[in-house]
Amino acid sequence: MKIERQRPLPLAGVVIAKNEAGRIGRCVASLAAVCSEVWVLDSGSVDATAAEAQAAGAQVRQQDWLGFAAQKNAAIALSTQPWVILLDADEWLADGAAERLCELFAGEVEQADVWQLLRRTHYLGAVLRFGGWGNEKVKRLFRADLRFKPGHVHEKMDVGSRRVRTSGVRMEHDTARSAAEYRAKLDRYAQLFAKQAHAEGRGASAVAPALHAFAYLVKNVLLRGGFLDGPGAWRYHAEHVRYVWAKYQRLRAFK
């Protein structure tokens, strides 16, 4: 069957950002190639984020930081389209993704309410093809009435009983501009995780930090083949082993 491709699609691209000059343009341009509209919700950037986003095809609005989930929900609410695709500023649609999206909308899109995309992570020049980071399934294409659950970090979409399927649409994720920046980001995430887990009544034993860090190492580096990606990936996994350890160590500190 010949597929008649339509552009733009009934799709809004949404991004939350702060001080993302130098990479927001790549993100927005990849969305603008296929979306009817692109929205960037900026939380007070002091660099050229807003100007670069507008130059790449986005409409920019300002909103003081509300937290990850609430900020994304506010960005989604800007959409006037029936479908939304949500990217972070350090992500972009891969080559061929626009064509796959057109094929999806020409055929199967109505068979689900949420479509998972395949995310491939890059770390300081290293492309992670193994270790769970080469084809990570993430819920990023969804009907515009869906929202994220409240949470401090690693927010989750409230899908309830809605239909979730996986697409062949690929996105790329360049997760760090420097090793120091990335470690600092993981440290913030570790503190937010501990705060949220403590608020939920969870705790951690004395051996939990080491056990969870070891489990990450076995699962992602050994069983999922992360070691095959080479030294650049090894540094990435080392940071995540440290991060997992820190999450549970900080949770213990709430006692």
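This section describes the aromatic pairs, the charges over rings and the surroundings of helix α7 in a predicted model.

Eight aromatic pairs were found in a search of the whole structure. In one of these, the rings of Phe 193 and Tyr 248 meet edge-to-face, with 5.3 Å between centres and 65 degrees between planes. The two residues are 55 positions apart and belong to separate helices: Phe 193 lies in α5 (residues 179–199) and Tyr 248 in α7 (residues 231–253), and the pair thus links distant parts of the chain. Phe 193 has a relative accessible area of 11% and counts as buried because this is under the 20% limit. Tyr 248 is likewise buried, with a relative accessibility of 11%.

The ring of Phe 193 also carries a charge over it: the charged end of Lys 247 is placed 4.4 Å from the ring centre. A further lysine, Lys 72, lies over the face of Phe 148, at 5.6 Å from the centre of that ring. Elsewhere, one aromatic cluster is formed by Tyr 123, Trp 133, Tyr 182 and Tyr 236.

Helix α7 comprises 23 residues and spans 33 Å from its first C-alpha to its last, close to the expected 33 Å at 1.5 Å a residue. Its buried residues include Tyr 236, a member of the aromatic cluster, as well as Lys 247 and Tyr 248. Also buried in α7 are, among others, His 237, Glu 239, His 240 and Tyr 243. The cover over the buried residues of α7 includes the strands β6 (114–123) and β7 (126–127) together with the helices α5 and α6 (208–223).

Notes. Residues are numbered from 1 along each chain as its sequence is written. This is a predicted model: local features need pLDDT of at least 70, side-chain atom pairs count only at pLDDT 80 or more; totals for chains, interfaces and linings use all residues. Side-chain values use heavy atoms; hydrogens and water are left out. Rings of Phe, Tyr and Trp (its six-membered ring) pair if their centres lie within 6.5 Å; planes under 30 degrees apart count as stacked, over 60 as edge-to-face and the rest as tilted. Helices (H or I, at least four residues) and strands (E, at least two) are DSSP runs, numbered from the N terminus. Buried means under 20% relative accessible area, exposed over 50%, partly exposed in between (1.4 Å probe, protein chains only). A charge sits over a ring if NZ of Lys or CZ of Arg is within 6 Å of the ring centre and within 35 degrees of the ring normal. The expected span of a helix is 1.5 Å times one less than its number of residues. Contact means heavy atoms within 4.5 Å.
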